[in-house]
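Got the viewer open? Keep the selection box handy and we'll walk through this one stop at a time.

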Amino acid sequence: MTQRPVPPDEAGRMREIETLGALERVDEPRFSAIAELAALICQAPMALVSIIGAERQHFKGRVGVTETGMDRWLGFCSHVIIGRRLLEVPDTLADPRFRDDPAVTGEPYVRFYAGAPVTSTRGYVLGTVCVMDRTPRRLNTEQHQALDSLATCAADLLQLHHYARQSQQVITRLAEIEELKHGFLRTVSHELRTPLTSIGSYLQLIQEGGLDADTEHQFLDVIERNSDRIRGLIDELLLLASLSARTASYSPALIDLTDLARRACTQAAAKAWANSLTLAFRPDAQVTAWGDTGRLCHALDQALDNAIKFTPSGGSVTVTADPGPVVEVCDTGIGISAEDLPHVFDDFYRAAEAEDRAIGGTGLGLPIMEKIAHLHGGEVHIASTPGEGTCVRLTLPAPPAAPGKP
């Protein structure tokens, strides 16, 4: 064999094979049935449904052949994907392209070959349906047509498998969404019912009278705090909806990101102290960014709230602001498992650890933070080790250059 024929659309062809999952090993007897039909119609002792990968031919259906594949560059099928039409070699020993091929000079001693291209709906030749014999011969017109039809059937079968996989993925995703919906309803129901129950109980005590002024004032404080809690939940849900619909207001300007992070730490200090945590802010220098002050404050508040909430007493939360511009919130908390990490930005997702430890929350903090980052053209990256802590890194685009400056 003197050359290795590669089609001009090889990169796209390989992407198509990957998209269709054509090289996946599946127990599909219909590919073998196609090979059996090809052998029967062409009166040939050997037949294959072969998909041509980057380096190997993969036999998805076979008759008279024990191997499940072979080197891509041996045999005849690579020539079919170049020619894009049925290839017939009446006598391999008389054809200079194939007379020295190991499949001709050794087992299975192929002297005749005919192969039709398996072409996807997007026009890529993925492989062949082929027949082989140990004696020279030719096929008639009807047999040529049958090979082409069987190759079309093989392409359709690959496409059907692709659709089946897509359908299963959709079904799985719908089930996940349904579970998220139920989880959201449970969480929101709890987050609303608890303060509402408290408000109702204290209002009833006030209405019954007989309370001194100080006690009544304390009860009103509790009612106000629970009202704020409900209002905050509603505000979060509305913000999530507007960010998801891309209707949230956005007024970017040149801002001092270091000062913004410092203010976020100041606001979170009381909560950290109440949880017996050390909260430290370590600015590298003044860091400027281009963004919406209100939105970024909300994003940093969410990151700090999560860090404080998931860090046991005696732990620490550290905030840094670095050129980039970047703000990072790191804690020594319970961390996030490898199973939960890919889902932390899913709306309403709550890790099993949070449920087991009865840690409050709606699963909205990180999704809102990520959406705010995307609103700015930035991103959020999370690194976490269970039992050691989590680092949430908010990266924003560099501020635009001033007019007249490079």
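Start by selecting Asp133: at 11% relative accessibility it counts as buried. Bear in mind as you click around that this is a predicted model. Now add Arg137 as sticks, and you'll see the side chains of Arg137 and Asp133 meet in a salt bridge, 3.2 Å from N to O. Arg137 is buried as well, with a relative accessible area of 18%.

How many salt bridges does a search of the whole structure find? Twelve. As a reminder of the idea, side chains of opposite charge can pair when their charged atoms come close. For a linked set, select Glu10, Arg13 and Arg72, which are joined in a network of salt bridges.

**Next stop: Asp305 and its two lysines**

Select Lys271 and Asp305. They form a salt bridge, and the closest N and O atoms are 2.6 Å apart. Colour by secondary structure and you'll find Lys271 in helix α7 (residues 257–274) and Asp305 in helix α8, so this pair ties together parts that are 34 residues apart in sequence. Lys271 is partly exposed, at 43% relative accessible area.

Keep Asp305 and add Lys309: their side chains meet in a salt bridge too, 3.3 Å from N to O. Lys309 and Asp305 sit four residues apart in helix α8, which means they are separated by about one helical turn. An α-helix has 3.6 residues a turn, so residues three or four places apart point the same way. Lys309 is partly exposed, with a relative accessible area of 29%.

**Helix α8 itself**

Now select residues 293–309, the whole of α8. With 17 residues at 1.5 Å each, α8 should span 24 Å, and its end C-alpha atoms are indeed 24 Å apart. Go to the start of α8 and show Asp292: one of its side-chain oxygens reaches to within 3.0 Å of the backbone nitrogen of Gly294. Then pick out the buried residues of α8, among them Leu296, Leu300, Leu304 and Ile308, but also Arg295, Gln302 and Asn306.

**Over to helix α6**

Select residues 213–244. What span should the 32 residues of α6 have? At 1.5 Å a residue, 46 Å, and the distance between the end C-alpha atoms of α6 is 46 Å, which agrees. At the N-terminal end, Asp212 acts as a cap: a side-chain oxygen lies 3.1 Å from the backbone nitrogen of Asp214. Its buried residues include Phe219, Val222, Ile223, Ile230 and Leu233, with Asn226, Glu236 and Ser242 also on the list. Step just past the end of α6 to Arg246, which takes a positive phi of about 60°.

**The five-stranded sheet**

Hide the helices and look for the open sheet, whose five strands run in the order β8-β10-β11-β13-β12 with mixed pairing. Which strands stand at the edges? β8 (278–283) and β12 (379–385) do; each has a single partner strand, so one side of each is left without a neighbour in the sheet. Look along the sheet for its twist, which averages 10° from one strand to the next.

Zoom in on β12 and β13, which pair in the antiparallel sense over seven bridges. To land on one of those bridges, select Ile382 and its partner in β13, Val392. Strands of a sheet pair through backbone hydrogen bonds, either parallel or antiparallel, so switch on the backbone atoms here.

**Last stop: the cysteines**

Select every cysteine. A search of the whole structure finds one disulfide: Cys330 and Cys391, with their sulfur atoms 2.1 Å apart. The Cys330–Cys391 link is right-handed, at 120° about the S-S bond. Cys330 lies in strand β11 (residues 326–331) and Cys391 in strand β13 (residues 389–395), so the pair ties together parts that are 61 residues apart in sequence.

Are the two ends buried or partly exposed? Cys330 is buried, at 18% relative accessible area, while Cys391 counts as partly exposed at 24%. Finish on Cys130, which is in no disulfide; the nearest cysteine sulfur, that of Cys77, is 4.1 Å away. Cys130 is buried, with a relative accessible area of 0%. Cys42 counts as buried too, at 1% relative accessibility.

Methods:
Residues numbered from 1 in each chain as written. Predicted model: local features only at pLDDT ≥ 70, side-chain atom pairs only at ≥ 80, totals over all residues. Heavy atoms only, no water. Disulfide = S-S within 2.5 Å. Helix = DSSP H or I, 4+ residues; strand = E, 2+ residues; numbered from the N terminus. Buried < 20%, exposed > 50% of the residue type's maximum accessible area, 1.4 Å probe, protein only. Expected span 1.5 Å × (residues − 1). Polar contact = N/O pair within 3.5 Å; in protein donor to acceptor, adjacent residues only side chain to side chain. Salt bridge = Lys/Arg side-chain N within 4 Å of Asp/Glu carboxyl O. Pairing = 2+ DSSP bridges. Axes fitted to C-alpha atoms, helices over the stretch in contact; angles between N-to-C directions.
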